[in-house]
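Let's learn to read helices together. Have a look at the model below, and then we'll talk it through.

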Amino acid sequence: MALIADLNRLANGIRAGDRATLARAITLIESKRADHRKAAHRLVQELLPETGKAMRVGITGAPGVGKSLTIDALGSYLTRRGHKVAVLAVDPSSTRTGGSILGDKTRMAHLAVDPSAFVRPSPAGPTLGGVAAKTRETMLLCEAAGYDVVLVETVGIGQSETAVADMTDFFLVLMLPGAGDELQGLKKGVVELADMIAVNKADGDNIARAKSAAGEYRAALHILAPRSAHWSPPVITYSALTEDGIDHLWQQVTGHREQATASGELLARRREQQVKWMWTMLEERITAKLRSDPALRSKLPQIERAVAAGTLSPMLAIEQIAAAAGL
């Protein structure tokens, strides 16, 4: 009964838009304890009818491209126009120690103190694409709390960014001037997912270089299959530092939203995302169960040593693990 009462308090606080309650609920979602996971699932289910109305925008780009500064400028632009903005910023986790700096609030000076914004840094952990495992659930809680724009920032360090594209309505890829060099390392898979490419740092002496880079990116997009039959990804220039072009950037996002809603693509994409989310969670549950299985716990170290030594192939190791787990 105490758990039910606590969940009711959390749900009511979130519906009322209380930021402290929202933060506590997200901490519950990020917990790895089994009882916390069950409570978090019940909370999300309870709040599900209040979700789904926000604009979900994923933002990626290589380190140094200005993701945090762009989000700070864009978020401030939106809150000045009456929007409530939630930022789910995923910090890189060390593969050696597992630690994260979680310094996004220091890089988003305006949004960090904006009463109409909620910035939540989360460690990426081992999750593919640098997107925290619980970002989807966190996004739903933010929507239930009344945030009508959710910005999801990915690490952008060369991992697959498919994860963020599978949980957002609009996927924005940020680039820097100097397209000749950038195009050499351009990831075809990421660009194919892009709903827009935006070239940052189009200010001062960089304006001409930014425009030149944008032209090269447009040419590159022509040889790739677009993600949508109803939308041709635009390439724009802007400056996060001076905020020039931020309004045009947001106009493109809203234009895409209108087109996707009218064509039925938005609803279809979200339905597809829900199914993918289900399978992702199932895979995580199965993996967790395998790692905690008593029958496997004693055998796994020996199997891992054999694979590391090269005396057992990974394929045969998988067969042994599956047999021990009864799969």
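Q: Which residues of H2 are buried?
A: Buried means under 20% relative accessible area, exposed means over 50%, and partly exposed lies in between (1.4 Å probe, protein chains only). In H2, that gives you Thr-21, Leu-22, Ala-25, Ile-26, Leu-28 and Ile-29. They sit on the same side of H2, because they cover an arc of only 155 degrees around the axis; the arc is taken from the directions that run from the helix axis to the C-beta atoms.

One thing to keep in mind: this is a predicted model, where local features need pLDDT of at least 70 and side-chain atom pairs count only at pLDDT 80 or more, while totals for chains, interfaces and linings use all residues. Residues are numbered from 1 along each chain as its sequence is written, and side-chain values use heavy atoms, with hydrogens and water left out.

Q: What span should the 12 residues of H2 have?
A: Helices here are DSSP runs (H or I, at least four residues), strands are runs of E (at least two), and both are numbered from the N terminus. The expected span is 1.5 Å times one less than the number of residues. For H2 (residues 19–30) that comes to 16 Å, and the end C-alpha atoms are 17 Å apart, which agrees.

Q: At what angle do H2 and H3 pack?
A: Fit a line to the C-alpha atoms over the stretch in contact, and take the angle, from 0 to 180 degrees, between N-to-C directions. H2 and H3 (residues 34–47) come out at about 130 degrees, with axes 8 Å apart. That makes H2 oblique to H3: under 35 degrees is roughly parallel, over 145 roughly antiparallel, 65 to 115 roughly perpendicular, and the rest oblique.

Q: Which residues meet there?
A: Contact means heavy atoms within 4.5 Å. Ala-25, Leu-28 and Ile-29 of H2 meet His-36, Ala-39, Ala-40, Leu-43 and Val-44 of H3.

Q: Which residues of H10 are buried, and which are exposed on the face turned away?
A: Ala-210, Ala-213, Ala-214, Tyr-217, Ala-220 and Leu-221 are buried in H10. They fall within an arc of 120 degrees, so they line one face of the helix. The face turned away from that buried side carries the exposed Ala-208, Lys-211 and His-222.

Q: How many residues of H4 are buried?
A: H4 is mostly covered, with 12 of its 13 residues buried. Among them are Ile-71, Leu-74 and Tyr-77.
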